[in-house]
Amino acid sequence: MAMLKGSAIAFLVSCVSCYLISVPSLASSDEFLQCLREKIPSELVYAQSSSNFTDVLVSSIKNPKFFTNATVKPVCIVTPSDASHVQAAVLCGRKLNVRLRVRSGGHDYEGLSYRSACPYEVFGVVDLAKLRAVSVNQSESTAWVGSGATIGELYYAIAKNNSQVAFPAGECPTIGVGGHFSGGGVGMIMRKHGLSIDKVVDAKLVNANGELLDRAGMGEDLFWAIRGGGGGSFGVVLSWKVQLVQVPPTVTVFSIGKTLEQGAIDILTKWQDVGPSLPSDLNLKVKVQGQEALFMALYLGTCSSLVSTMDEQFPELNMTSTDCRTMTWLESAALSFTDMSSTGTVEDALLSRAPSMSIFTKGKSDYVRRAISKDAWKSIFSWFAMNGSGLIMLEPHGGFMDTVPAAATPYPHRCGVLYVIQYIVFWQGDGGAPATTWLAKFYDFMGHHVSKKPRQAYVNFRDLDIGQNPAVVDGNVSTFESGKAWGERYFMDNYHRLASVKAAVDPTDYFRNEQSVPPLLHGSK
């Protein structure tokens, strides 16, 4: 065992834990389904025996890695159209010892919103796709958005008739609002307006007792926890009230690629200091793939002003007016996440909810607080010439992000962070071994160059390799100490407060998954 890597040890522990969990009986599962059907319209409950169970399960799966014959599937899927249906599902689950997992957009990097890593777990899924309404209050410049909406649907609803209204959230339109907001919400205008959670002003949640609460009813501690503490730990957030932000009638974008021969390493080394210190109206992210660095910008202003800023602060990129593309903010939100290319009409890009069942993926994350040296970047680029190599996205912080205290929300990666790294590998069919092997080795290599003690990670780029809730043998409650392995990497010092909130609102750990926040019970440190 001493020779095993940490991720291998975590896997073995998680496997052992499956044999130790108190599993509901088949009779309990049948009683659970009966309870649901007595309280919820039958057409909203899909048991495994239902003819369209698989269609509903697949409807928002984004990674076929988690839809195989070996995938542990829910005993049923509840598709509520009203808050009372969620309350009924929670009460039935609590009564009959069947836990619930909650899915909004299905983008969870480990699929934990609709599958279990334990082959013996009996659970149900609450799929919030029907709770996707967006209601805009123009006089207040606010909106209520259902957790089942995608961020693309949110963007379209708020800005289709007003090009000067926007909301800070992610760059992939099919991401579900519920999961995205629960983890923070990194995006292209965060340097100006912050994360999604920085603009959440109210929410409606069903807690572990089946009660429907708004911000006043849940209290400030729970309201704090649900804004960045990760999905699946504190209850079912049905909807969010958000403060909208103002943007210019048109914005400017560009995408400039630099190969190694064109000085990519020197330019990227310089970017590490420039990107986080640029005016907050400008976000300049980078994709590294193959032997190229692709610099992608969104500027809340005109082309001429952008050219002037780049000439002054980042002349190495040699950006000119011919690189500019001018459009509305809504049109910019419809551009491709990976290269800022157009992907069809705005409606096609923002409103599609099609599942993605052809490309397998695996992701990881890191934060960088001290610029990586030029020599190190030379070594890093060599990894992208290897078999199975993927890509990394570098997203700068700074600007508004530097003004928010680390404890203001559960997302702690604020002042002093230069950028967040997202690692992604892709493959098709059974060809995943080269990609996942490359990712694991490259991630180990990068440990020398990123944040340490703890090595920070972003909960919305969920990664079970960094730790899982272990054997559950004492009243079916996860332990605070074991959760530190991943909890302190996602939340740093905020992990302790999250666990305290969990103990107050869900002490029996009803809302639990492989990386849900455990309750800080008496005697824990």
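At what angle do H14 and helix H15 pack, and how far apart are their axes? The legends below take up this pair and several other close-up views of a predicted model.

**View 1. Packing of H14 against helix H15 (residues 432–446).** The two helices pack at an angle of about 175 degrees, and their axes are 11 Å apart. Because angles over 145 degrees count as roughly antiparallel, H14 is roughly antiparallel to H15. From H14, the residues Ser379, Ile380 and Trp383 take part; they meet Trp438, Lys441, Phe442, Phe445 and Met446 of H15. Sorted by class, this contact has 6 nonpolar residues, 1 polar and 1 charged.

**View 2. Packing of helix H10 (residues 264–274) against helix H14 (residues 374–383).** Here the packing angle is about 125 degrees and the axes lie 9 Å apart. H10 is therefore oblique to H14. The crossing in which H10 passes H14 is right-handed. On the H10 side the contact is made by Ala264, Ile265, Asp266, Leu268, Thr269 and Gln272, and on the H14 side by Lys374, Trp377, Lys378 and Phe381. The residues of this contact divide into 5 nonpolar, 2 polar and 3 charged.

**View 3. Surroundings of Ile392 in strand E17 (residues 391–396).** Ile392 counts as buried, because its relative accessibility is 0%. Setting aside neighbours within four places in sequence, the contacts of Ile392 are Val286, Lys287, Val288, Trp377, Phe384, Ile421, Gln422, Tyr423 and Phe442. Among them, Trp377 also belongs to the H14 side of the contact with H10, and Phe442 to the H15 side of the contact with H14. Trp144 is 248 residues from Ile392 along the chain, and the C-alpha atoms of these two residues are separated by 34 Å.

**View 4. The loop between H15 and H16 at Lys453.** Lys453 lies in this loop, and Pro454 is found there too. The peptide bond that leads from Lys453 to Pro454 is cis, with omega near 0 degrees. Lys453 is a residue other than glycine, yet its phi is positive, near 50 degrees. Lys453 counts as exposed because its relative accessibility is 83%.

**View 5. Crossing of helix H16 (residues 480–491) and helix H17 (residues 494–505).** The axes of H16 and H17 come within 8 Å and cross at roughly 125 degrees. The two helices are therefore oblique to each other, and their crossing is right-handed. H16 contributes Phe480, Gly483, Lys484, Gly487, Glu488 and Phe491 to the contact, while H17 contributes Asn494, Tyr495, His496, Leu498 and Ala499. By class, the contact holds 5 nonpolar, 4 polar and 2 charged residues.

**View 6. Asp509 in the segment after H17.** Asp509 is not a glycine, but has a positive phi of about 65 degrees. With a relative accessible area of 0%, Asp509 is buried.

**View 7. Helix H4 (residues 83–96) and the residue that follows.** At 1.5 Å a residue, the 14 residues of H4 should span 20 Å, which agrees with the 20 Å between its end C-alpha atoms. Buried residues of H4 are Ala83, His85, Val86, Ala88, Ala89, Val90, Cys92, Gly93 and Leu96. Asn97, just after H4, takes a positive phi of about 60 degrees.

**View 8. Helix H5 (residues 151–159) and the elements that cover it.** H5 is mostly covered, with 8 of its 9 residues buried. The buried residues are Ile151, Gly152, Glu153, Leu154, Tyr155, Tyr156, Ile158 and Ala159. The elements covering them include strands E5 (134–137), E6 (142–146) and E7 (165–166). Helices H6 (177–183), H12 (329–333) and H13 (346–351) are also included in this cover.

Conventions. Residues are numbered from 1 along each chain as its sequence is written. This is a predicted model: local features need pLDDT of at least 70, side-chain atom pairs count only at pLDDT 80 or more; totals for chains, interfaces and linings use all residues. Side-chain values use heavy atoms; hydrogens and water are left out. Axes are lines fitted to C-alpha atoms, for helices over the stretch in contact, and angles run from 0 to 180 degrees between N-to-C directions. Helices (H or I, at least four residues) and strands (E, at least two) are DSSP runs, numbered from the N terminus. Angles under 35 degrees count as roughly parallel, over 145 as roughly antiparallel, 65 to 115 as roughly perpendicular and the rest as oblique. A crossing is left-handed if the near helix is turned anticlockwise from the far one by less than a right angle, and right-handed if clockwise. Contact means heavy atoms within 4.5 Å. Ala, Val, Leu, Ile, Met, Phe, Trp, Tyr, Cys and Pro count as nonpolar, Asp, Glu, Lys and Arg as charged, and the others, Gly among them, as polar. The expected span of a helix is 1.5 Å times one less than its number of residues. Buried means under 20% relative accessible area, exposed over 50%, partly exposed in between (1.4 Å probe, protein chains only).
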